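Hello,

Here is the structure we spoke about handing over. My notes on it follow below.

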Amino acid sequence: MTGTTFATYIREKTKTNSTTLTDAKLVILANVVKDDLAAKIISNVDEGYFDMEMLRDLEADTRDYTFANDIVKNLKYAAAKLDGTNFSYLTESDYGAIEGEKLPLLENTSIKNLYAARKPQFLITGRSMKILSGDDIDAVTDGLKIVGEVFPEDITTSMLAAATDLSIPSSDIEHAMPRASHRVWAKMVVIEYKQSREKPIPLTEDEKKIEIDLDDLFKTLRKRNSVRSFTAGVPRDDGQDY
């Protein structure tokens, strides 16, 4: 569905209009339901359905890399071409382990000394990951690869006025809800609206069958390519925009 079709469908089924169900209220309902539906897809179709693979350049003498979305908070794995050619998988460290070393580990020299005889790791702080290795970092094109879960982005009021299909993400580092899910998504919004009224509105017989619709959706999505890993080139992000 396009944004306009999505909004029109919901208002038709709820017997509302843009005054009684404003765009602002509609997107709030839609995004709450979207997150719930996405979680159901992950649980019932594939836990990696919304995974995304991102590549970015390793930069000389740079250990810290910031990403534009929250992918590092839901990281599945990371790898880096620390020798300039071959990917080495990195395991995650944590501050507890670092503090136990009694060293100023966040300094480059301390990192190199500590990891001289260890396998490389990474440390997550907010949206940033720090590479922990025994050697200096060399510049390597597409030398850092991460895979993590990126939940479908929220829709906005401007999307409801657009003719763009809601399955098309706003950028190549975002996911959107798959087209096959749009009718179920819209129906779930209708149900959410009706049940959230001070005096709940009775559901139609069709709306009462939402669990059947969900089962059918999961079956449809399972038949399709379940590998939702998308490779996105990520430009340098030093966090100045956040």
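**Helices α6 and α7**

Four residues of α6, namely Val184, Lys187, Met188 and Ile191, meet Ile210, Asp213, Leu214 and Leu217 of α7. Please keep in mind that this is a predicted model. The two helices, α6 and α7, pack with their axes 10 Å apart and at an angle of about 155°. Angles over 145 degrees count as roughly antiparallel, and α6 and α7 are therefore roughly antiparallel to each other. The crossing in which α6 passes α7 is left-handed.

**A salt-bridge network**

Two of the residues just named, Lys187 in α6 and Asp213 in α7, also form a salt bridge, with their closest N and O atoms 2.5 Å apart. This pair links distant parts of the chain, since Lys187 sits in helix α6 and Asp213 in helix α7, 26 residues apart. Both Lys187 and Asp213 are buried. For Lys187 the relative accessibility is 2%, and buried means under 20%.

Lys187 has a second partner: a salt bridge joins Lys187 to Asp206, where the closest N and O atoms are 2.8 Å apart. Here too the pair links distant parts of the chain, with Lys187 in helix α6 and Asp206 in the loop between α6 and α7, 19 residues apart.

Asp206 in turn meets Arg183 through their side chains, in a salt bridge of 3.8 Å from N to O. Arg183 is in helix α6 (182–196), and Asp206 is in the loop that runs between α6 and α7 (210–223); the two residues are 23 apart and link distant parts of the chain. Is each of these two buried or exposed? Neither word fits, because the range between 20% and 50% counts as partly exposed: Asp206 has 35% relative accessibility and is partly exposed, and Arg183, at 43%, is partly exposed as well.

Taken together, Arg183, Lys187, Asp206 and Asp213 are linked in a network of salt bridges. The structure holds 13 salt bridges.

**Helices α1 and α6**

α6 also packs against α1. The axes of α1 and α6 come within 9 Å and cross at roughly 40°. That angle makes α1 oblique to α6. The crossing of these two helices, α1 and α6, is right-handed. On the α1 side, the residues that meet α6 are Phe6, Tyr9, Ile10, Lys13 and Thr14. On the α6 side, the residues involved include Arg183, Trp185, Lys187 and Tyr193. Arg183 and Lys187 thus appear both at this contact with α1 and in the salt-bridge network.

**Nonpolar cores**

Which residues touch the most other members of the largest nonpolar core? They are Phe6, Ile10, Ile41 and Trp185, in a core of 35 residues. The elements that give two or more residues to this core are α1 (3–14), α2 (23–44), α6 and α7. Of these, α2 gives the most, with nine residues.

Trp185 is worth a look in the viewer. Leaving aside neighbours within four places in sequence, Trp185 is in contact with Phe6, Ala30, Val33, Lys34, Leu37, Ile155, Leu166 and Met177. Apart from the largest core lies another one, of 20 residues, with Met54, Phe67, Val72 and Met129 among them.

Regards

Technical notes: Residues are numbered from 1 along each chain as its sequence is written. This is a predicted model: local features need pLDDT of at least 70, side-chain atom pairs count only at pLDDT 80 or more; totals for chains, interfaces and linings use all residues. Side-chain values use heavy atoms; hydrogens and water are left out. A salt bridge is a side-chain nitrogen of Lys or Arg within 4 Å of a carboxyl oxygen of Asp or Glu. Buried means under 20% relative accessible area, exposed over 50%, partly exposed in between (1.4 Å probe, protein chains only). A nonpolar core is a set of buried Ala, Val, Leu, Ile, Met, Phe, Trp, Tyr and Cys residues joined through side-chain atoms within 4.5 Å. Contact means heavy atoms within 4.5 Å. Axes are lines fitted to C-alpha atoms, for helices over the stretch in contact, and angles run from 0 to 180 degrees between N-to-C directions. Angles under 35 degrees count as roughly parallel, over 145 as roughly antiparallel, 65 to 115 as roughly perpendicular and the rest as oblique. A crossing is left-handed if the near helix is turned anticlockwise from the far one by less than a right angle, and right-handed if clockwise.
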